[in-house]
Amino acid sequence: MPITPFHFGPGAALKGVLGPYMSFTVFAFANVLIDAEPIALFFLTGDPAHPYLHTLLGATLVMVLSVWPGRRICEWAIGRWNAWLSPAQARWLAVEPRIALAPAALGAALGAYSHILIDSIMHVDVRPLAPLRSANDWQGLVSIETLQALCVAAGLAGIALLALVNFWRARTRRR
């Protein structure tokens with residue numbers, strides 16, 4: 001994806017389905033960490049290439065970094081987010097700041113590996129199985145427009161599902 005937030009759409013859908021078993025914050029952290037590579041290369045070389053972190057091996061390294069120390073960074077960020085909310089906003093938008101290890105690991109794995117899958121479809125220079133194999137059989141599997149539309153649709157579906165779950169929880173708490 002040309003912009004990391006497109007990757008957050010599938011993450012929202014996964015969070016909607018998996019709920020407390022997956023950390024969306026760690027999912028997003030892993031995606032941002034992977035896209036730091038082409039951004040840095042763009043500023044250093046003028047070419048936003050995807051040579052290392054956009055491989056399964058690189059994604060595995062990112063996954064480990066996203067669980068530790070990324071989990072602690074995400075907990076700090078959630079704490080800051082919660083502090084900015086008014087009491088009325090906090091009823092709907094506050095998030096538990098502690099991220100358990102299992103949801104962090106699942107969020108990191110899903111974030112890192114879905115990122116590689118999505119970018120393998122979109123970018124011609126991504127080699128997901130490097131250094132073992134230089135071919136990319138997924139590139140162009142669907143058009144870029146279709147891929148982006150699927151990511152946005154997944155995000156909208158995930159947000160709707162999360163809102164529905166939050167509404168249901170709030171309603172059952174009032175009883």
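**View 1. The largest nonpolar core of this predicted model holds 16 residues.** V26, I34, V62, M63, I99, A108 and A112 have the most contacts inside this core. Four helices each give two or more residues to the core: α2 (24-45), α3 (56-67), α4 (70-84) and α6 (101-122). The largest share is that of α6, with five residues. In soluble globular proteins, nonpolar side chains tend to be buried together.

**View 2. V62 and its contacts.** V62 is one of the residues with the most contacts inside the largest core. Neighbours within four places in sequence are left aside here. On that basis, V62 touches A30, L33, I34 and L53. Of these partners, I34 is also listed among the residues with the most contacts in the core.

**View 3. A second core lies apart from the largest one.** This other core has five residues. Among them are I118, I121, M122 and L147.

**View 4. Helix α4 has a buried side and exposed residues opposite.** α4 is 15 residues long. From first C-alpha to last, α4 reaches 21 Å, close to the 21 Å expected at 1.5 Å a residue. Buried in α4 are G70, R71, C74, E75, I78 and N82. These residues lie on the same side of α4 because they cover an arc of only 140° around the axis. W76, A83 and W84 are exposed on the other side of α4. The buried residues of α4 pack against four helices: α2, α3, α5 (87-93) and α6.

**View 5. R72 and E75 form a salt bridge within α4.** Two salt bridges are found in the whole structure, and the pair R72 and E75 is one of them. The N to O distance is 2.7 Å. Both residues belong to helix α4 and sit three residues apart, about one turn of the helix. An α-helix has 3.6 residues a turn, so residues three or four places apart point the same way. Which of the two counts as buried, and which as partly exposed? E75 is buried, because its relative accessible area of 14% is under the 20% cut-off. R72 is partly exposed, at 46% relative accessibility.

**View 6. R133 and D137 form a salt bridge.** The closest N and O atoms of this pair are 2.8 Å apart. R133 is partly exposed, with a relative accessible area of 36%. D137 has a relative accessible area of 54%. That value is over the 50% cut-off, so D137 counts as exposed.

**View 7. C74 and C151 are both buried.** C74 has a relative accessible area of 3%. This cysteine is one of the buried residues of α4. C151 has a relative accessible area of 4%. How many disulfides does the structure contain? The count is zero, with a disulfide taken as two cysteine sulfur atoms within 2.5 Å.

**View 8. A130 sits in the loop between α6 and α7 (144-174).** A130 counts as partly exposed because its relative accessibility is 22%, a value between the 20% and 50% cut-offs. L147, one of the residues of the five-residue core, is 17 residues away from A130 along the chain. The C-alpha atoms of A130 and L147 are separated by 23 Å.

Terms used:
Residues numbered from 1 in each chain as written. Predicted model: local features only at pLDDT ≥ 70, side-chain atom pairs only at ≥ 80, totals over all residues. Heavy atoms only, no water. Core = buried A, V, L, I, M, F, W, Y, C linked by side-chain atoms within 4.5 Å. Buried < 20%, exposed > 50% of the residue type's maximum accessible area, 1.4 Å probe, protein only. Contact = heavy atoms within 4.5 Å. Expected span 1.5 Å × (residues − 1). Arc of directions from axis to C-beta. Salt bridge = Lys/Arg side-chain N within 4 Å of Asp/Glu carboxyl O.
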